[in-house]
Each structure stands twice: as structure tokens, then as C-alpha cells.
Amino acid sequence: MSAAVLLSRGQFAVLAATGVLAAVVLTVAGVYGLLRTLMTLIIATYVSFTVFKLIAWFAGARRAIPDRPLPSLDDPALPTYTVLVPLYQEAAVLPGLITAITRIRYPTERMQVLLLLETGDDETIETVRRTALPSYVTAVIVPDAGPRTKPKACNYAMTVATGEFTVIFDAEDRPEPDHLLKAVAAMWAERRSDPRVICVQGILSFWNPRSGIPSVFYWAEYVAHFHWMLVGLCRLGLIPPLCGSSNHFRTEALRHVAEEYGTLTFGRGDRAVTVPSVWDSYNVTEDADLAARLARLDYRVAMCPARTYEEAPHRLSVALRQRTRWLQGYLVTGLVQSRRPLRSMRSMGAMRYLVFIMMMLWTPISALLNPIIWALSATYVLARISGWPVIATFIDDMFPTPVHYVGLIAMVAGNVALGIQSIVTTLYATSDRDAGLAKYLSLTFLWWAFTSLPAYRAAWRLLTARSTWEKTPHGHDQSQEQSVIRPTAPTFEPVAEASRPRDESGLVHSG
């Protein structure tokens, strides 16, 4: 199953059957009957999703991510590590990335860092050529064949990956110095209690929560997501959608996924490139999709306290593009993973599968529906106040009485939950730079309204450019990065000696 195809034959058949059913309801019950049915389904899903998020959130609130004793640097049991770093148009942030990597406390003889460069990205390639790379850091040029996406680059890197563990860092990531040691400690501890755990997800934070209004809301979302939602999903035995960075895998499990999903060949003749299909090369949120692939093989994911700092979007235009890609990817993942529901429920478990599909599809769909529901509510209130009985009666008749009250309760409960979440988020202000940000969360409803814009863009791109990666620019807050990240670095000096180049360019070439 891959996002290379938008809908399967079975999904087309279900879509056609749904259209026929809607036509039957319209014929038998009329327009009002069809609208009441739709509104009942929408409100029921809203309520289910709200209840689910509350359960997961409170489950996560009852269990903190444990800090475990770190293994010694000279422990012979430490696994070899492959670090994948996909790069595209990232010359501006490359120096900070290399500095962060060299500050990681881990035996360098056990590390294989692969910088994945895209053919044609001349600026980033030239920056790498001019950079003295440590001996354990290698640049790999990904062939210009097939979609130019992060998952395809990672799949290509798996052909040369040698580590027992594999982790992905993005170009703007700044992992804390003990990141790998914390991940190893977490993996060892989790596997002692459940050998099915083959991935631990680290915590993502931002070094620039004050760079703009969007960065404040990203900060709040990440606190809630990583400290409560993902923890709660793991605690409930559900499928946490992986994030695109700082997820640590046992490499043998990734190769098992590749065995299950086969290989993909891009290009023809001498330029043909074959890669293992660990990640879906056509999916722009390959991380969430991989979570489902792992669940199909009865693997489990756990959380670990290893922290990575990232750069939050500082402008609405940047946030719009990034959020579009996320929601577009959730739609794609939901469609792909719903193609064989009975088989998936047998392999994942019915509840785990249904909840995962609801997360993937309802997250963007609710953002699409929110403006419509809000507009109906505002129009209804205005019609009542202004004495427009025809409009008020029409909207009244769209909602059966029980549905109306259930929807009202769900709205109140959702707002109360949001208020609680905002209060608790302030308790996780981990430094002076976070203090005082909670006051901006009173504008959360405006942020919700904004997120509907990328939802509509995502729906359009799903039809027109579903496998095109919409790049997020980085490097706008490097001064804040230096003030926040570098003081946390260890006292030892970064690696200074560069390895001998493998050829005149210092790069390992594709193909």
C-alpha cells in the first residue's frame, strides 16, 4: 500500500456506494432528512474524537516520561548508530547542524552519520564540500529519480546504513548532547518489559518560542503533544503517530518492514535506482504512515526523554505551508491505511486500527468542517436576534433535538479541556524564555480558525500534488539557537579533525 495511488478500487467502490446511499436518503427523506443524517454523523464523530483526546490526554498526564540511568560511554553493549539527516536547500543551517552532531556524547567509532543531499541542490552540496566533516560523517547524494521527498532519501540511505539503531534528525534539529544515550537507555528498559518495542520517540521542543505568534502556538501544541498525547497513546496501547525526527529504531525492525513492503525502482536502464520501501516514498508524512506499518507487524512504540530543539515557524506564511503538508500527509496516510480494513484490524487490533484511522482522517476533516459549523452557529444566533425566522427554522431543522444538545455539551467540554490544557501547559514552562507565553493562548480560537486555511490547501494539494514536498525554510532565528542550545553543550571540544575526502568533492556519489 502506497500513496503513489490516491484511491484503490475498493475505495472507489465505497465512495460510489456512499453516493448511492446519499441519493436514496435524499429521495426517501428529502433534503432535511439528508442534512439531519449528515449532521448527526458529524456531531457523533466530533464527540467521539473529543472524548478520545480527553482520555489520551489524561492518560498521559498520569504518567511522566521516566528518566533512566545512562549507560557508560565505554559500555561494550552500546549499539552502533546510523544517524540519517535528510537535507534539501539547507545550506544556511548546516554549520549549526554539524556543531550539534559533534557535541553528541557517544563513541564516534560506533556512529555512522549520513547527510542525505539531493541531486541538483548545488548550494547545500557546495557547503558540504567546503565543510571539514568528522570521520564518522558521510555525505550521500540521493539520485534524481522518483519523487523528491524525505522518505525516498531515507529509503536510499538504508542501502548503506550499518548501525544496529537508526535515528532521523532534520536539518534544523539540535539534539541535546546525551540524546543517543537517553534513547539507548529507554530502548533497553522498554524492551525488558515488552520485547515488541522497537522504537522510542524523543521529545521535540523549540528554541524560538518567542519569535512570533505562530511560534507560541507551536510551542503550546508541542508541549501538549509530546508530554501528554503521545505518552497517553503509548500508555493505552494505541498507535502513536511518529514524528519526523528523533525517532530511534532497531534497524532490524526497519528491514523487516522493507521485507514486508518490498522494494521500489525509480528510473530506467542504467539510471534505475532500487530502494527498500521502509517509508512510503510518496507520502509527505511518512513518519505517521511508518507507525501503522510497524503496528501491522505487531511492533510497539514507546516514549523517551531525549530532547531535540527545533526552529518553529515565525510567520503565518511559513506555518501555512508546514501545516498544509502535515494535514495533507494525514489525509494521505488515512486513505492509504484504510484500504484493507479487515486485514489491518486483524494485524493491528480493531480498536487500535479504528482509533488510528480516526486520528489520521478526522484531524484534517474537522479543520475543514470547523468554519462551516462556526458559520452555521453564528448565522443561527444572528437570525434569532434579528428576527429572521425562516433562516433560524432551516438551521434548527438540520439538527435533531438530541444531536443539538449533544453537540452543545461537546462544545462546552472541548472548551473546558482547552482551558485545562492551557493552564497545565504553563506548568511546563521549562525556562525563562517560556515564561509568560501562556497569556497568548487566550487567542487559541483564532489559531484554530487559521488552521482551517492549511486544511483547505491540503485538500486541494491532495488532488493536485499529493507527493510534492512543500519545503519549510529554516535559519531565521539562529541567534536564538546559539543562546539556547550552545549553553547546554558539554564541556569537551567538538571533533576538529576532518576525514580524508573519498574523492575530490568529499562526497559519496549516487549510483
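# A guided tour of the predicted model

Begin with the open sheet of eight strands, whose order is β3-β2-β1-β4-β7-β6-β10-β5, with mixed pairing. At its edges stand β3 (137-142) and β5 (174-175), each with a single partner strand, so one side of each has no neighbour in the sheet. The model is predicted, and what follows should be read as a description of that prediction.

**The whole chain**

Display the entire protein as a cartoon. There are 15 helices and 10 strands. Of the 511 residues, 52% count as buried. Among contacts in the protein with a separation of 6 or more, 83% are between residues 24 or more positions apart. If a surface is switched on, its accessible area comes to about 22,900 Å², and carbon and sulfur atoms account for 60% of that area.

**Strand β1 and its partner**

Return to the sheet and select β1 (81-87). How many of its seven residues are buried? The count is seven of seven, and the strand is mostly covered. Show the side chains next: Tyr-81, Val-83, Val-85 and Leu-87 point one way, Thr-82, Leu-84 and Pro-86 point the other way, and all are buried. In a regular strand, side chains alternate between the two faces of the sheet.

Now add strand β2 (residues 111-118), which pairs with β1 in the parallel sense over seven bridges. To locate one of these bridges, select Leu-87, whose partner in β2 is Leu-117.

**Strands β6 and β7**

For a pair of the other sense, select β6 (residues 197-206) and β7 (residues 247-250), which run antiparallel and are joined by three bridges. Within this pair, Gln-201 stands opposite Asn-247 of β7. Strands of a sheet pair through backbone hydrogen bonds, in either the parallel or the antiparallel sense.

**The nonpolar cores**

Select Phe-52, Leu-84, Leu-116, Trp-279 and Leu-290 together; of the 89 residues in the largest nonpolar core, these touch the most other members. Helix α6 (residues 213-235) gives the most to this core, with 14 residues. A second, separate core has 38 residues, including Met-111, Val-113, Ala-171 and Val-197.

Centre the view on Phe-52. Which residues does Phe-52 touch, not counting those up to four places away in sequence? They are Leu-233, Leu-238, Val-355, Met-358 and Met-359.

**Cysteines**

Colour the cysteine sulfur atoms. The disulfide count comes to zero. Cys-234 is in no disulfide, because a pair of sulfur atoms must lie within 2.5 Å to count as one, and the nearest cysteine sulfur, that of Cys-199, is 8.9 Å away. Is Cys-234 buried or partly exposed? With a relative accessible area of 21%, Cys-234 is partly exposed. Cys-154, by contrast, is buried, with a relative accessible area of 2%.

**Loops with a positive phi**

Select Gln-89, in the loop between β1 (81-87) and α2 (94-102). Gln-89 has a positive phi of about 55° although it is not a glycine. At 49% relative accessibility, Gln-89 counts as partly exposed.

Move to Asp-298, in the loop between α8 (286-296) and β10 (300-310). Asp-298 is likewise not a glycine, and has a positive phi of about 70°. Its relative accessibility is 36%, so Asp-298 counts as partly exposed. Most residues other than glycine have a negative phi.

**The loop at Gly-267**

Next, select Gly-267, in the loop between β8 (263-266) and β9 (273-276). Gly-267 is partly exposed, with a relative accessible area of 44%. Where in space is Gly-146 relative to Gly-267? The two are 6.8 Å apart, C-alpha to C-alpha, and 121 residues apart in sequence. Leaving aside neighbours within four places in sequence, Gly-267 is in contact with Ala-145 and Ala-272.

**Helix α14**

Finish at helix α14 (residues 444-464). Set a distance between its end C-alpha atoms: they are 31 Å apart, which agrees with the 30 Å that 21 residues should span at 1.5 Å a residue. Then colour the buried residues of α14, which are Thr-444, Trp-447, Phe-450, Thr-451, Ser-452, Pro-454, Ala-455, Ala-458, Arg-461 and Leu-462. An α-helix has 3.6 residues a turn, so residues three or four places apart point the same way.

Methods: Residues numbered from 1 in each chain as written. Predicted model: local features only at pLDDT ≥ 70, side-chain atom pairs only at ≥ 80, totals over all residues. Heavy atoms only, no water. Helix = DSSP H or I, 4+ residues; strand = E, 2+ residues; numbered from the N terminus. Expected span 1.5 Å × (residues − 1). Buried < 20%, exposed > 50% of the residue type's maximum accessible area, 1.4 Å probe, protein only. Pairing = 2+ DSSP bridges. Core = buried A, V, L, I, M, F, W, Y, C linked by side-chain atoms within 4.5 Å. Contact = heavy atoms within 4.5 Å. Areas by Shrake-Rupley, 256 points an atom, 1.4 Å probe, with all protein chains shown as cover.
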